[in-house]
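Open the model in your viewer and keep the selection box at hand. We will go from stop to stop, picking something to select and looking at what is there.

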Amino acid sequence: MGALRREALERVRRLGSGRATPADVEATKQWGRQSPDHAEALWQASLLWDRLGCAGDNVLRRSGAALGGVQAAAPAPSRRAFVAGAAATAAAAYLVVRPPLDLWPSLGDVMADYHTATGETKDVSIPGDIRLSLNTATSIKLQKPADTIERIELLRGEATVTVGAQPGRELIIVAGAGEARARHAQFNVLHEQDATCVTCLQGEVEVRLGTASSVLRLGQQLRYGADGLGSATPADIGEVTAWREGLLIFHQRPLMDVVAEINRYRPGRVMVVNAELGRRVVNGRFRVDNVDGVMAMFEQIFGAKLTRLPGGIVLLG
């Protein structure tokens with residue numbers, strides 16, 4: 001293994017150890033920007049860490065010999081892409097590989113410009129009269145602006161974005177393979193592993209996916225993902241933005257979907273192990289800061305059984 005790859009592995013192990021300082025994070029960013037080879041080595045090391053977590057740490061300590069196998073599990077950015085001058089940006093995008101069950105921090109979370117932990121919210125102001133409210137477990141990265149366009153990448157999670165009335169400025173929120181573009185508007189973006197949902201809260205928002213596009217107006221929502229760009233549908237704005245008031249609101253939602261939402265607000269993972277139970281319908285308003293209490297309520301209402309395991313894992317059956 002070459003010296004470059006060895007150093008990349010050591011840097012990733014340091015960031016994933018829980019003892020990294022902001023200076024360590026910044027130093028690693030700068031290190032990865034030195035050349036395409038540095039960026040690629042950092043990407044490979046981070047992928048190994050995110051795929052294997054604590055087990056990966058042991059591998060990193062030994063030699064990193066498993067890198068080849070991990071590389072095969074996901075497409076690597078081409079060397080040409082790095083040489084084209086986007087090495088650091090491309091590397092950062094590929095660093096966002098979520099660990100199983102979110103039981104340890106993704107390296108992408110560590111290296112984001114702004115990040116919220118599980119259960120945390122945060123308000124951020126960006127030059128260009130842009131304000132973002134970040135929901136739980138959210139990471140964003142600022143991209144280099146071009147002319148009159150500001151660009152922000154939502155790496156994962158959820159944000160309400162407000163674009164002020166500054167003349168001529170446009171904001172693009174990149175999320176997955178698509179993007180939302182707006183001037184003087186407010187909208188909510190939820191970006192999960194398989195799909196992205198955009199809801200217009202004020203003004204107009206254009207959503208693009210490849211060559212397809214759609215303009216959302218107040219109270220409209222659409223989703224996009226592997227199945228393409230969906231159609232605009234009416235949205236319950238109160239339900240979409242309830243998290244900003246510390247609430248979760250559900251109307252006629254299957255328990256399986258409710259549990260998936262609850263999982264965003266607590267460490268570990270709740271898993272529904274009874275398919276029939278997962279189809280039970282839930283209506284209600286719940287406090288974000290009491291999601292474990294909600295699980296106890298499901299136990300009483302549905303006669304479900306809760307089995308608590310280490311690591312915050314709960315089996316609901």
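The tour below starts with the whole chain and then visits one place after another.

**The whole chain**

Please keep in mind that this is a predicted model. Show the chain as a cartoon, and you will have 10 helices and 19 strands in view. Of the 317 residues in the protein, 47% are buried. Take the contacts between residues at least 6 apart in sequence: 49% of these join residues at least 24 apart.

**Stop 1: the largest nonpolar core**

Select Leu132, Ile152, Val161, Ile173, Phe187, Val198 and Val205 and show their side chains. These are the residues with the most contacts inside the largest nonpolar core, which has 27 residues. Now colour strand E5, residues 149–163: the largest share of this core, 5 residues, comes from that strand. A second core, separate from this one, has 23 residues, including Ile262, Val272, Val291 and Ala304. As background, nonpolar side chains in soluble globular proteins tend to be buried together.

Stay with the first core and centre on Ile173. Which residues does Ile173 touch, leaving out those up to four places away in sequence? Its partners are Ile152, Leu154, Val161, Gly178, Glu179, Ala180, Phe187 and Val189.

**Stop 2: Glu179 in strand E7**

One of those partners, Glu179, is the next selection. You will find Glu179 in strand E7. Is Glu179 buried or exposed? Its relative accessibility is 16%, and the cut-off for buried is under 20%, so Glu179 counts as buried. Beyond its neighbours within four places in sequence, Glu179 is in contact with Arg151, Ile172, Ile173, Val174, Glu206, Val207, Arg208 and Tyr224. Draw a distance from the C-alpha of Glu179 to that of Val198: the two are 9.4 Å apart in space and 19 residues apart in sequence.

**Stop 3: His184, in the loop after E7**

Move along to the loop between strand E7 (178–182) and strand E8 (186–191), where His184 sits. With a relative accessible area of 47%, His184 is partly exposed. Check its backbone too: phi of His184 is near 45 degrees, a positive value in a residue that is not glycine. For context, most residues other than glycine have a negative phi.

**Stop 4: Gly219, in another loop**

Next, select Gly219, in the loop between strand E11 (212–217) and strand E12 (220–225). Gly219 counts as buried, at 15% relative accessibility. Setting aside residues up to four places away in sequence, Gly219 touches Cys200, Thr233, Pro234, Ala235 and Ile237. The C-alpha of Gly219 and that of Ala232 are separated by 9.7 Å, with the two positions 13 residues apart along the chain.

**Stop 5: Gln252 and Asn283**

Now select Gln252, in strand E15, residues 247–254. Here is another positive phi outside glycine: that of Gln252 is about 50 degrees. Gln252 counts as exposed, at 58% relative accessibility.

Add Asn283 to the selection; it is found in strand E17, residues 281–287. What does Asn283 touch, not counting residues up to four places away in sequence? The answer is Phe250, His251 and Gln252. Asn283 is partly exposed, with a relative accessibility of 44%. For a distance to draw, try Asn283 to Pro254: their C-alpha atoms are separated by 9.1 Å, and the residues are 29 apart along the chain.

**Last stop: helices H8 and H10**

Finish by selecting helix H8 (residues 255–262) and helix H10 (residues 291–302). Their axes come within 11 Å and cross at roughly 160 degrees. Are H8 and H10 roughly parallel or antiparallel? Angles over 145 degrees count as roughly antiparallel, and H8 and H10 are therefore roughly antiparallel to each other. Their crossing is left-handed.

Show the side chains where the two helices meet. From H8 come Leu255, Val258 and Ile262, and from H10 come Val291, Val294, Met295, Phe298 and Phe302. Sorted by class, this contact has 8 nonpolar residues, no polar ones and no charged ones. Ile262 and Val291 may look familiar, as both belong to the second core from Stop 1.

Key:
Residues are numbered from 1 along each chain as its sequence is written. This is a predicted model: local features need pLDDT of at least 70, side-chain atom pairs count only at pLDDT 80 or more; totals for chains, interfaces and linings use all residues. Side-chain values use heavy atoms; hydrogens and water are left out. Axes are lines fitted to C-alpha atoms, for helices over the stretch in contact, and angles run from 0 to 180 degrees between N-to-C directions. Helices (H or I, at least four residues) and strands (E, at least two) are DSSP runs, numbered from the N terminus. Angles under 35 degrees count as roughly parallel, over 145 as roughly antiparallel, 65 to 115 as roughly perpendicular and the rest as oblique. A crossing is left-handed if the near helix is turned anticlockwise from the far one by less than a right angle, and right-handed if clockwise. Contact means heavy atoms within 4.5 Å. Ala, Val, Leu, Ile, Met, Phe, Trp, Tyr, Cys and Pro count as nonpolar, Asp, Glu, Lys and Arg as charged, and the others, Gly among them, as polar. A nonpolar core is a set of buried Ala, Val, Leu, Ile, Met, Phe, Trp, Tyr and Cys residues joined through side-chain atoms within 4.5 Å. Buried means under 20% relative accessible area, exposed over 50%, partly exposed in between (1.4 Å probe, protein chains only).
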